[in-house]
Amino acid sequence: MLAWIWNKFIRANNGVDMKALVFTAEQEMTYRDEPDPEVGQGDSLVKVQSVGICGSDMHAYLGHDERRVPPLILGHEAVGTVMEGSSPGSRVVLNPLITCMQCDYCLSGRQNLCAERDLIGMYRPGAFAEMIAIPERNLIEVPEGMDPDKAALTEPGATAIHAVNLAERSVSRPISETKSLVIGAGSVGLLTALALKDKGVQTEISETNLLRRQTVMEHTNCSVFDPIDSPPDREAYDLVFDAVGNARTRSTAVDCVRSGGIVVHIGLMDNEGQLDTRRMTLQEITFIGCYTYSPVDLRVTLEKLHSGALGSLDWISPRPLDTGAEAFKQIFEGQCAAPKVVLQV
């Protein structure tokens, strides 16, 4: 901590800014100097250790998210150490959703639906940087000795667990008696499958990317197949989780679910196409939209990641922050085998 104070003094007196990976234009990420964060009242200053690249970061990179306007520091799946605030020295996971904490949704534990919600890396600077300022109430302490790269899976993992929880509330019998399909083996899809397996659910994953299928087969006990060569059977699953979210996967999800079954829509790739609402009505198919998580979901997920309930997690690809631009390029071109790239700061 004394070293941090001294370095801060030196930086301030020499005009040195922090390093950050900045979204500067469509398909352009630039590693450069950025001003140190402004720490407001009630905020903590966190030195970032590990931060994951999310699908929403890729949407911004491709120019598909009008909310994320360059130049902007992206990144919200982060772990770090508190340098300024009420708990200096604590290792923490960041809850990236910043909400009003006063509306009915916030007061009932559904902060993800707050009309005033904000997200780091969207309208405010994110965590692809050496440091970030964030409200202290958005910090969750990391268990002693936990690998920060694995702790960085808390945010996508909480999205997965939130999806499974939503399905479990609506299923007509114990979820362990169901058969599930997860569409997409990115980190959210894979973590959804691992969360289902943790509950004893028979689960399959469909994934079009060969490299990613190989990674899943090598590093997990999940069943994965190519839906192009082997399309999933119609009306074969009680639960279908769409972790991609495009017109084709939505149509596949509705085709594959059984009468009385449940489709949980997680991915947000596009808003195209049409659903077979006639079939959904006549066969009482439940369609559930799933957006992010609650603070409790985050805490539960962190505990599960640490305990090993979601597997070894050795399918992560850690890389230095200054190589982030190349990581974005590889993900876009389908040349990244890992379901999750974690940038180390």
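Visitor: What is the relative accessible area of R173, and is the residue buried or exposed, or partly exposed?
Guide: This is a predicted model in which local features need pLDDT of at least 70 and side-chain atom pairs count only at pLDDT 80 or more, while totals for chains, interfaces and linings use all residues. Residues are numbered from 1 along each chain as its sequence is written, and side-chain values use heavy atoms, with hydrogens and water left out. With a 1.4 Å probe and protein chains only, buried means under 20% relative accessible area, exposed over 50%, and partly exposed in between. R173 is therefore partly exposed, its relative accessible area being 33%.

Visitor: Which residues are linked with R173 in a network of salt bridges?
Guide: A salt bridge here is a side-chain nitrogen of Lys or Arg within 4 Å of a carboxyl oxygen of Asp or Glu. R173 meets the side chain of E177 in such a bridge, at 3.9 Å from N to O. The network joins R173 with E177, D238 and R258.

Visitor: How many residues apart are D198 and K304?
Guide: Their side chains form a salt bridge at 2.8 Å, N to O. This pair links distant parts of the chain, with D198 in helix α6 (residues 187–198) and K304 in helix α10 (residues 295–307), where helices are DSSP runs of H or I with at least four residues, numbered from the N terminus. The separation of D198 and K304 along the chain is 106 residues.

Visitor: Which residue of the E235 and R279 salt bridge counts as buried?
Guide: The closest N and O atoms of E235 and R279 are 3.6 Å apart. E235 counts as partly exposed at 36% relative accessibility. At 6% relative accessibility, the buried residue is R279.

Technical notes
Helices (H or I, at least four residues) and strands (E, at least two) are DSSP runs, numbered from the N terminus.
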